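Trainee: I should be grateful for a close look at a single part of this model, namely the surroundings of its ligand, followed by a connected account of the places beyond them.

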Amino acid sequence: MPPLLDVQHLGKLYRVGGWLRPKHLRALHDASFTLGHGEILALVGESGSGKSTIARLCVRLEAPTSGRILLDGRDVLHEERGHATLAYRRRVQMIFQDPFGSLNPARTIGQHLERPLLLHDKAKTRADLSARVHALLDTVGLVPAPEVAAKYPQELSGGQRQRVAIARALAVEPDLILADEPVSMLDVSIRADVLNLMLDLKEKRGISFLYITHDLASARYVADRMMVMYAGHIVEAGPSDALLEKPLHPYTNLLLSAVPELEGSFARGLPARSGAPALVDPPPGCPFAARCPDVTDVCRRETPRPVSLDEGRVVRCHLYPEPSRTRSE
Ligand code: ATP
Ligand code: MG
């Protein structure tokens with residue numbers, strides 16, 4: 001059986017700098033990964049590393065510059081040109097960092113949930129519709145459901161609003177939810193509740209998640225596997241525990257040395273940087289070369305390719321030579 005999501009060599013260039021002197025910002029370069037049914041995959045990396053770009057491409061809010069996206073083995077970009085079809089949107093949903101920004105203050109919570117149910121033909125009668133809205137609210141722990149349904153977004157806390165956003169995504173019974181920093185704006189005390197809800201949905205309904213975060217500790221808590229991004233490159237991927245216990249890439253090492261106890265966000269704990277990596281018309285070579293303690297000449301000349309190692313680990317670094325012809329390009 002093919003994986004639920006199979007992303008192959010995805011790239012995204014943004015044109016920047018005006019039409020007189022156009023330049024290209026390389027937000028994503030040659031990203032390949034798979035996500036299985038009922039799996040949580042975390043995507044971690046500092047600000048601007050390309051995490052949201054991956055999510056926007058996978059939910060097809062934007063088209064990639066290169067590469068393929070396969071859902072259950074079907075090449076969706078090739079088969080469905082242009083914007084995502086209703087069928088694709090039913091299967092792949094996204095939730096955002098700011099649950100307030102994505103909810104309309106003039107609509108009740110019930111109305112927010114009715115919309116996708118009606119759009120995707122999930123209810124035949126008015127009674128059916130309201131029963132489904134209540135069931136969704138029950139699923140995400142917003143009770144008593146009839147009371148919550150009558151409220152407006154501004155009457156709820158941040159954590160409750162994020163639950164509404166999750167309920168809205170669940171309305172269409174998706175297979176995959178792309179969760180872009182879903183807890184980073186929430187109080188620390190309620191983050192675990194939302195993460196536990198994700199785990200519950202994975203276990204009870206087999207829903208897969210791409211969980212985007214700055215926070216290594218929460219990534220380890222929920223994710224089966226993890227990917228680390230730097231300057232638009234997936235520099236390392238593997239099972240969460242193995243990756244954190246024995247990081248392979250020098251950048252992952254640097255991240256972990258900044259948060260030895262895996263507490264809190266590494267966005268705050270990162271060591272001082274020697275300048276942001278160049279994304280606009282980037283120089284050749286490894287994007288981490290300028291900061292890497294293990295840098296050699298080849299790193300400044302050639303961009304390393306992903307190398308697959310034992311136990312599902314992948315690393316993109318010249319320290320790990322490519323075995324003959326096992327590479328993915
Ligand atoms: P954060 O943690 O801050 O959310 P991120 O890892 O999600 O960061 P992205 O939003 O994917 O980062 O952005 C990657 C790079 O692409 C950034 O340098 C960003 O400025 C750039 N970028 C994103 N969208 C556009 C756009 N529409 N036009 C030009 N550049 C863009
Ligand atoms: Mg982002």
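How far does a polar side-chain atom of S52 lie from an oxygen atom of ligand 1?

Mentor: The distance from a polar side-chain atom of S52 to an oxygen atom of ligand 1 is 2.8 Å. This pair meets the criterion for a polar contact, which is a pair of N or O atoms within 3.5 Å; within protein, one atom must be able to donate a hydrogen and the other to accept it, and residues adjacent in sequence count only if both atoms are side-chain atoms.

Two conventions should be stated before going on. Residues are numbered from 1 along each chain as its sequence is written, while chains are lettered from A and ligands numbered from 1 in the order in which they are written. The model is predicted, and local features need pLDDT of at least 70, side-chain atom pairs count only at pLDDT 80 or more, and totals for chains, interfaces and linings use all residues; side-chain values use heavy atoms, with hydrogens and water left out.

Around ligand 1 there are 16 residues, of which S47, G48, K51, S52 and T53 come nearest; a residue is counted here if one of its heavy atoms lies within 4 Å of the ligand. Besides S52, G50 takes part through its backbone: one of its polar backbone atoms is 3.0 Å from an oxygen atom of ligand 1. R56 approaches a nitrogen atom of the ligand instead, with a polar side-chain atom at 3.4 Å.

K51, the residue after G50, begins helix α1, which covers residues 51-58. Helices (H or I, at least four residues) and strands (E, at least two) are DSSP runs, numbered from the N terminus. Six of the eight residues of α1 are buried, and the helix is mostly covered. These six are K51, T53, I54, A55, L57 and C58. Buried means under 20% relative accessible area, exposed over 50%, and partly exposed in between, with a 1.4 Å probe and protein chains only. After α1 comes R60, with a positive phi near 65°.

Beyond the ligand, one may turn to the largest pocket, which holds about 660 Å³ of space. Of its 24 lining residues, R89, Q93, M94, P116 and R168 are closest to its centre. Two or more lining residues come from each of β6 (92-95), α4 (109-119) and α7 (158-170), and α4 gives the largest share, with five. By type, the lining consists of twelve nonpolar, seven polar and five charged residues. A pocket is an open set of points on a 1 Å grid over the protein atoms alone, where a 1.4 Å probe fits, with protein on both sides within 12 Å along at least five of seven lines; lining residues have an atom within 4 Å of a point. Points are joined across faces, edges and corners, and the volume is the space filled by probe spheres set on them. Ala, Val, Leu, Ile, Met, Phe, Trp, Tyr, Cys and Pro count as nonpolar, Asp, Glu, Lys and Arg as charged, and the others, Gly among them, as polar.

The loop between β6 and α4 contains S102. S102 counts as partly exposed because its relative accessibility is 25%. Its C-alpha atom is separated by 19 Å from that of L195, 93 residues away along the chain.

Two strands illustrate opposite settings. S208 is in strand β8 (residues 208-213), and its relative accessible area of 0% is why it counts as buried. Leaving aside residues up to four places away in sequence, S208 touches L4, L35, G36, H37, G38, E39, D175, L176 and I177, where contact means heavy atoms within 4.5 Å. R15, in strand β1 (residues 5-16), is exposed because its relative accessibility is 57%. With the same exclusion, R15 touches P22, K23 and H24.

Finally, the backbone deserves attention. Most residues other than glycine have a negative phi, and most peptide bonds are trans. E181, in the loop between β7 (176-180) and α8 (188-205), has a positive phi of about 50° and is buried at 10%. E311, in the loop between β11 (307-308) and β12 (314-315), also has a positive phi, near 60°, but is exposed at 68%. The peptide bond from V143 to P144 is cis, with omega near -5°, and P144 is in the loop between α5 (126-139) and α6 (145-149).
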